[in-house]
Amino acid sequence: TSVLQVTATDADDPTYGNSARIVYSILQGQPYFSVDPKTGIIRTALADMDREAREHYTVVIQAKDMAGQVGGLSGSTTINITLTDVNDNPPQFPQKNYQLYVPESAQVGKPVGKIKANDEDLGINADIKYSIINSEGVNTFSISTERDTREGILSLKKPLNYERKKTYTLHIEGMNTHMDPRFSYLGTFKDTATLKITVGDVDEAPVFSMDYYIMDVYENARSGTEVGAVMARDPDSRNSPVRYFLDSKEEDVRYFRIDESSGVIKTTQPLDREDMPWHNITVMASEVDNPSLLSHVPVTVQVLDMNDNPPEIATDEEVIVCESSRPGQVIQTVTAVDKDDFANGQRFSFALPSLLPVNPNFTLKDNEDSTASIIARRRRFNHLTQELYELPIVVWDSGEPSLSGTSTLTLRVCPCQRHGRIRMCQGEAFLSSAGLSTGALIAILLCIVILLAIVVLFITLRRSKKEPLIISEEDIRENVVTYDDEGGGEEDTEAFDIIALRNPAAAEELKFRRDVRPEARQHCAPPRSHRSPSVELDEVDVHEFIKQRLNGYTACS
């Protein structure tokens, strides 16, 4: 089989003798490979080379000129040859028989063991598919291939039960997934092994006879009435006794109790179907010898109906009676309701109370379809004469025993207007039906008027408010501040300097700005005494002094 062709070149003139005539030979790689001396093609020298025995080879080829004669020059090259893999080896289990221990508590779908067949090939040529080929094993177990390790992973398809079956025998087959037809003569590329599985006994929780229970009991049954019973047993070979109890975390548990030995469920109080028609409880069971192992089962209790509720009229609203009603006219059709449950549908009968005298205003007609019609017996009503009428109606149901109830309807008279088939009461009727009396309406209107009056008064006061007077710039007056305080006596003379009042010269000087020096100062004043102010004050009375000053200013003017 051709592997590779090598080519050597010679720079000598090929037309001059044998100087450029090259011959190829193999120096290393025999007896596995050979080379054609003229073309340099490397070929296999042995048939059926086995990669599993040896994968890598090193071949050295020599090229020599002068046709390989003595004196010729040579060169060599090295070729590394690798054998590629083919699927020529079937998978093989290392041993034919295996054993495995699996406890009966193993979970369904979880791995319980593994097995592996060896294949000397590589890559996809070594891919193996595992399968269980006998019916005993395939019904209980399943096997799959782990891609990376090429192991067969064994899992459970359904729970194990030691008490029912203690051992299983599995025939497992491993087969290549990629077959090469060229090597079909080597036989089938698969292998089988036997796996014996031993089931281990585990102390298990009790098992109930059913996955869930549905029971029923009539409402109003006395406390202690038996509802039903559950049953559980120990699946282990010891068959330990079982104890029952209710899950105390549930709300409905207060209505029931269970006998811990027999599993009989009883009521603890009368039940009301109209209050709660279904009850859901959970019964738990444990072994007496091992209370830590618990099992539970849901129990649903249906409360069956008893005819214990009387029927009543379906509406509590007032019935409107128009003043223009005629005798025989249907005022309104009424229906009834009943809290009880009737399997064949509810049927009601209606009538007026037999113990009361005949109603002169209205009568009642049973339509025999669980409805009744209120009919007027006289012509014309007047709401001013009588606005409200009361009509008691007796209703019977069709239960066993039959129950009856009396409902009183209120009929209100009001003027009506006819628009086609629709009756419309006028404003006062609508207001009355809304629960508003005439006095209430007057009070509401009065409150609205008072609020409007307050708003108008507030706006008027805002507009009539006077603005402050603007003082003219030419009529600037000193502000006179009035203090309603008692004088301080000597404290006033100490706090304020009154020399300016007694010394007119000092007062005149204060009229000029002290920060500007005047160029000339002319004023007319009486001759000033050169004596000290204290002496002058002692001799001259203040009143006289002011008088003299006034006379002096008059002369100047």
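Begin at glutamate 52, which is partly exposed, with a relative accessible area of 22%. The model on display is a predicted one.

**Stop 1: the salt bridges around glutamate 52**

With glutamate 52 selected, add arginine 51 to the selection. The two side chains meet in a salt bridge, with 3.0 Å from N to O. Arginine 51 has a relative accessibility of 11% and therefore counts as buried, since the cut-off for that class is under 20%. Next, add Glu55 and Asp85 to the view: together with Arg51 and Glu52, these residues are linked in a network of salt bridges. How many salt bridges does a search of the whole structure find? The search returns 14.

**Stop 2: an open sheet with a charged pair across two strands**

Select strands E7, E13, E12 and E9. In that order, the four strands form an open sheet with mixed pairing. Which strands stand at the edges? They are E7 (97–103) and E9 (128–132); each has a single partner strand, so one side of each is left without a neighbour in the sheet. Neighbouring strands of this sheet are turned by 30° against each other on average, direction ignored.

Now restrict the view to E12 and E13. These strands run antiparallel and are joined by nine bridges. For one position along the pairing, select threonine 167 and look across to E13, where its bridge partner is threonine 198.

The next selection is lysine 190 with glutamate 173. They form a salt bridge in which the closest N and O atoms are 3.6 Å apart. Lysine 190 belongs to strand E13 (residues 190–200) and glutamate 173 to strand E12 (residues 167–176), so the contact ties together parts that are 17 residues apart in sequence. Are the two partners buried or partly exposed? Lysine 190 is partly exposed, its relative accessible area being 36%, whereas glutamate 173, at 14% relative accessibility, counts as buried.

**Stop 3: lysines over tyrosine rings**

Select lysine 165 and tyrosine 168. The charged end of lysine 165 sits over the ring of tyrosine 168, at 5.1 Å from the ring centre. Then select lysine 166 and tyrosine 162. Here the charged end of lysine 166 sits over the tyrosine 162 ring, 4.8 Å from its centre.

**Stop 4: aromatic pairs**

Eight aromatic pairs are found in a search of the whole structure. Select phenylalanine 208 and tyrosine 244: their ring centres are 6.5 Å apart and their planes stand at 50°, so the pair is tilted. Phenylalanine 208 lies in strand E14 (residues 207–208) and tyrosine 244 in strand E18 (residues 242–246), so this pair ties together parts that are 36 residues apart in sequence. Phenylalanine 208 and tyrosine 244 are both buried.

Move to phenylalanine 381 and tyrosine 389. What is the geometry of this aromatic pair? It is edge-to-face, with 5.8 Å from centre to centre and 75° between the planes. Phenylalanine 381 and tyrosine 389 are likewise both buried. To close this stop, select Tyr32, Phe33 and Tyr57, which form one aromatic cluster.

**Stop 5: glutamate 251 to tryptophan 278**

Select glutamate 251 and arginine 254, whose side chains meet in a salt bridge of 3.8 Å, N to O. Glutamate 251 is exposed, with a relative accessible area of 57%, and arginine 254 counts as partly exposed at 42% relative accessibility.

Then select aspartate 252 together with tryptophan 278. The two residues are 26 apart in sequence, and their C-alpha atoms are 9.6 Å apart in space. Tryptophan 278 is placed in strand E21 (residues 278–287) and is partly exposed, with a relative accessible area of 42%.

**Stop 6: a second open sheet**

Select strands E24, E30, E29 and E26. They make up an open sheet of four strands in that order, again with mixed pairing. The edges are taken by E24 (319–322) and E26 (349–351), each with a single partner strand, so one side of each has no neighbour in the sheet. From one strand to the next, the twist averages 35°.

Within this sheet, isolate E29 (residues 388–396) and E30 (residues 404–414), which pair in the antiparallel sense over nine bridges. Select valine 394 to see threonine 406 of E30 standing opposite.

**Stop 7: residues 440–461**

Finally, select residues 440–461, which UniProt lists, in an unreviewed entry, as "transmembrane region". Over these residues the chain is 100% helix and 0% strand, and the end C-alpha atoms are 32 Å apart.

Note on methods:
Residues numbered from 1 in each chain as written. Predicted model: local features only at pLDDT ≥ 70, side-chain atom pairs only at ≥ 80, totals over all residues. Heavy atoms only, no water. Pairing = 2+ DSSP bridges. Axes fitted to C-alpha atoms, helices over the stretch in contact; angles between N-to-C directions. Salt bridge = Lys/Arg side-chain N within 4 Å of Asp/Glu carboxyl O. Buried < 20%, exposed > 50% of the residue type's maximum accessible area, 1.4 Å probe, protein only. Phe/Tyr/Trp six-rings, centres within 6.5 Å; stacked < 30°, edge-to-face > 60°. Lys NZ or Arg CZ within 6 Å of the ring centre and 35° of its normal. UniProt positions renumbered as here; feature names shortened; annotations may be inferred.
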